[in-house]
Amino acid sequence: MALRHAVLAALLDCEYSGYQLAKAFDVGVANFWHALPQQLYAELAKLEKEGLVTGRQVVQETRPNKRLFRVTDAGIAELEAFAAAASKPSFIRDDLLVKVQAADRIGTAPVIEQLEERASAAEAKIELLGKLLLRMRGDADEEEFLREGVRIGPYLTCLRGLAFEQGHRDWCLRIAAVLRARQVTHAER
């Protein structure tokens with residue numbers, strides 16, 4: 001997947017300025033695609049040049065003017081072609097896993113600390129995603145929303161983000177506990 005497709009998907013629901021897009025990415029799209037604000041601005045410029053998004057200038061009295069972007073028909077066609085193409089398998093690329101793999105030889109204290117920090121960060125993200133899910137479905141319970149919700153894609157990706165963060169938190173806590181127990185066992189010998 002290219003950043004272009006994540007940007008196009010994020011713009012499906014409404015017009016966004018570059019700043020608003022960065023905020024939307026931070027909350028929703030970051031579950032499956034990370035991008036820095038400057039990458040988003042550069043991608044918006046490319047997409048506009050290619051006719052996949054269109055921008056319009058909004059004059060503001062008390063702030064600098066801003067540009068709002070929306071997906072064009074050509075952008076929707078690009079997303080449709082992307083959706084029809086085969087997806088590549090996902091993979092993990094994580095420096096913490098390299099540290100865990102080497103923990104037997106390099107010492108576990110710093111690795112345990114980093115695992116616990118990651119678990120705390122995942123817990124904060126779990127709380128954020130839970131609130132986001134509640135906001136998206138409004139008064140509907142989850143099953144009702146999944147059956148009848150008007151725009152379900154963002155909700156489904158948020159559910160995936162929640163499951164990922166829960167699994168990540170649980171794994172980090174378990175591995176930290178295993179490494180801590182091994183420290184105690186090896187210290188007793």
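## Salt bridges

A salt bridge here is a side-chain nitrogen of Lys or Arg within 4 Å of a carboxyl oxygen of Asp or Glu. The structure is a predicted model, and by this rule the count comes to 14 salt bridges. One of them joins the side chains of R4 and E78, with a distance of 3.6 Å from N to O. R4 belongs to helix α1 and E78 to helix α4 (residues 73-84), so this pair ties together parts that are 74 residues apart in sequence.

The two partners differ in exposure. R4 has a relative accessible area of 17% and is buried, because the cut-off for buried is under 20%. E78 has 25% relative accessibility and counts as partly exposed. R4 and E78 are also linked with E50 in a network of salt bridges.

## Helix α1 and its surroundings

Helix α1 covers residues 3-10. Of its 8 residues, 7 are buried, so α1 is largely enclosed by the rest of the structure. The buried residues are L3, R4, H5, A6, V7, L8 and A10.

L8 can be followed through its contacts. Leaving aside neighbours within four places in sequence, L8 is in contact with L47, L52, V53, V71, G75, E78 and L79.

## How α1 meets α4

The salt bridge between R4 and E78 is one part of the meeting of α1 with α4. The axes of these two helices come within 10 Å and cross at roughly 120°. α1 and α4 are therefore oblique to each other, and their crossing is left-handed. On the α1 side the contact is made by R4, H5, L8 and A9, and on the α4 side by G75, E78, L79 and F82.

## The nonpolar cores

The largest nonpolar core has 21 residues. V7, L8, L11, L21, F25 and L40 are the residues with the most contacts inside this core. Four elements each supply at least two of the core residues: the helices α1 (3-10), α2 (18-27) and α3 (37-49), and the strand β2 (66-71). The element that gives the most is α1, with 5 residues.

Apart from this core lies another, of 11 residues. Its members include L96, I112, A119 and I175.

## Salt bridges between later helices

Two further salt bridges involve helix α6 (residues 109-137). In one, the side chains of R118 and D95 meet at 3.4 Å, N to O. R118 lies in α6 and D95 in helix α5 (residues 95-106), and the pair links distant parts of the chain, 23 residues apart. R118 counts as partly exposed, at 26% relative accessibility.

In the other, E123 pairs with R169, and the closest N and O atoms are 2.9 Å apart. E123 lies in α6 and R169 in helix α8 (residues 153-188), so this salt bridge ties together parts that are 46 residues apart in sequence. E123 is partly exposed, with a relative accessible area of 39%, whereas R169 is buried, with a relative accessible area of 18%.

## Summary

Helix α1 is largely enclosed and gives the most residues to the largest nonpolar core. α1 also meets α4 at an oblique angle, and R4 of α1 forms a salt bridge with E78. Elsewhere in the chain, α6 is joined by salt bridges to α5 through R118 and D95, and to α8 through E123 and R169.

Definitions and conventions. Residues numbered from 1 in each chain as written. Predicted model: local features only at pLDDT ≥ 70, side-chain atom pairs only at ≥ 80, totals over all residues. Heavy atoms only, no water. Core = buried A, V, L, I, M, F, W, Y, C linked by side-chain atoms within 4.5 Å. Buried < 20%, exposed > 50% of the residue type's maximum accessible area, 1.4 Å probe, protein only. Contact = heavy atoms within 4.5 Å. Axes fitted to C-alpha atoms, helices over the stretch in contact; angles between N-to-C directions. Parallel < 35°, antiparallel > 145°, perpendicular 65-115°, else oblique. Left-handed = near helix turned anticlockwise from the far one by under 90°.
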